[in-house]
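User: I am new to reading protein structures, and I would like to go through one slowly. Could you take me through it feature by feature?

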Amino acid sequence: YTKILGVLENIPKDAAYRKYTEQIVNERFDLVKKESDVQKLQDKLNSGQIEEVILQAENELSLARKMMQWKPWEPLVEEPPSNQWRWPI
Amino acid sequence: TVRPKNEVQQKQLCAFGEYVAEILPKYIQQVQVTCFNELELLIHPDGIIPVLTFLRDHTNAQFKSLADLTAVDVPSRQYRFEIVYNLLSLRFNSRIRVKTYTDELTPVDSAVPVHKAANWYEREVWDMYGVFFANHPDLRRILTDYGFEGHPFRKDFPLSGYVEV
């Protein structure tokens, strides 16, 4: 979790992604620090077994690194043509 | 008979759609919730891989399973084909649809690095519609006959085909 927070520091501050991920990571980090009993930690996190939580954290870390590359918080790349998403045609 | 309106689920889906649109404004052009409680994200084709990896890895949106990858042909538009990805989240038990557009000759990034299941689906879309996927390992015909010319599911391909069987 410290690694994820470190990567998030490098993303510009007003990105929504950074806000939300920091919130989630901080919540989970606090819970992990307070509970030393594995069973109670699982119940409090309420998202599956501890191994799954670890896996999820690793995924989140790789996602944060890719976000640094892709930078999805900029405004739109290109507008669609006006009849693109009209349905029925 | 009409399906009863599930207001709570609709509001939840709307909130989630706005959340995702806020995080990824670079690629998402529109977010919709259909009347039967399904969420759709409409995306610029450059953003397929970032959006799919985000949906797969993020803690609030663990869409680990690619249920379907299809294409829709609407010949009257400038960007003819719409590519549709259906994703399923096992942890939160919810589905989401991701739509992109392309015209006939522009290649689209392959979803195979993100979801291994996309392999055969993309071969099928290539074979049936002719949408080329870049970075796809081993793109070849999967459902048509060996010497088949043409792409069957397009709207300008006649029902009985060009060759007599």
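User: How many helices and strands are there in chain B?

Analyst: Please keep in mind from the start that this is a predicted model. Counting elements is a good way to begin, and in chain B the count comes to 3 helices and 7 strands. Their order can then be read from the N terminus, where chain B runs α-β-β-α-β-β-β-β-α-β. As for its extent, the C-alpha atoms of chain B fill a box of roughly 55 × 40 × 30 Å along the principal axes.

User: Which residues of chain B does UniProt list for a domain?

Analyst: A record can add a name to a stretch of chain, and here an unreviewed UniProt entry lists residues 43–162 of chain B as "domain: NADH:ubiquinone oxidoreductase 30kDa subunit". Over that stretch chain B is 18% helix and 27% strand, while the C-alpha atoms at its ends are 35 Å apart.

User: How should I read the interface, and how many residues of chain A are in contact with chain B?

Analyst: One begins with the residues that touch, and here 35 residues of chain A are in contact with 35 residues of chain B. The next step is the area buried between the two chains, which is about 3000 Å², with carbon and sulfur atoms giving 58% of it. Across this interface the rule finds 0 salt bridges, and it finds 1 residue pair in polar contact, with both residues at pLDDT 80 or more.

User: Which helix gives the most to the side of chain A that touches chain B?

Analyst: Helices α2 (16–34) and α4 (50–70) of chain A each supply at least two residues of that side, and α4(A) gives the most, with 9 residues. Sorted by character, the residues on the side of chain A that touches chain B are 17 nonpolar, 8 polar and 10 charged.

User: What kind of aromatic pair do B:F16 and B:Y19 form?

Analyst: For two rings one reads the distance and the angle together, and the count over all chains is 6 aromatic pairs. B:F16 and B:Y19 form a tilted pair, 6.2 Å from centre to centre with 35° between the planes. Both residues lie in helix α1 (residues 7–23) of chain B, 3 residues apart, about one turn of the helix.

How values were computed: Residues numbered from 1 in each chain as written. Chains lettered and ligands numbered in written order. Predicted model: local features only at pLDDT ≥ 70, side-chain atom pairs only at ≥ 80, totals over all residues. Heavy atoms only, no water. UniProt positions renumbered as here; feature names shortened; annotations may be inferred. Helix = DSSP H or I, 4+ residues; strand = E, 2+ residues; numbered from the N terminus. Contact = heavy atoms within 4.5 Å. Buried area = accessible area lost by both parts, 1.4 Å probe. Salt bridge = Lys/Arg side-chain N within 4 Å of Asp/Glu carboxyl O. Polar contact = N/O pair within 3.5 Å; in protein donor to acceptor, adjacent residues only side chain to side chain. Nonpolar A, V, L, I, M, F, W, Y, C, P; charged D, E, K, R; others polar. Phe/Tyr/Trp six-rings, centres within 6.5 Å; stacked < 30°, edge-to-face > 60°.
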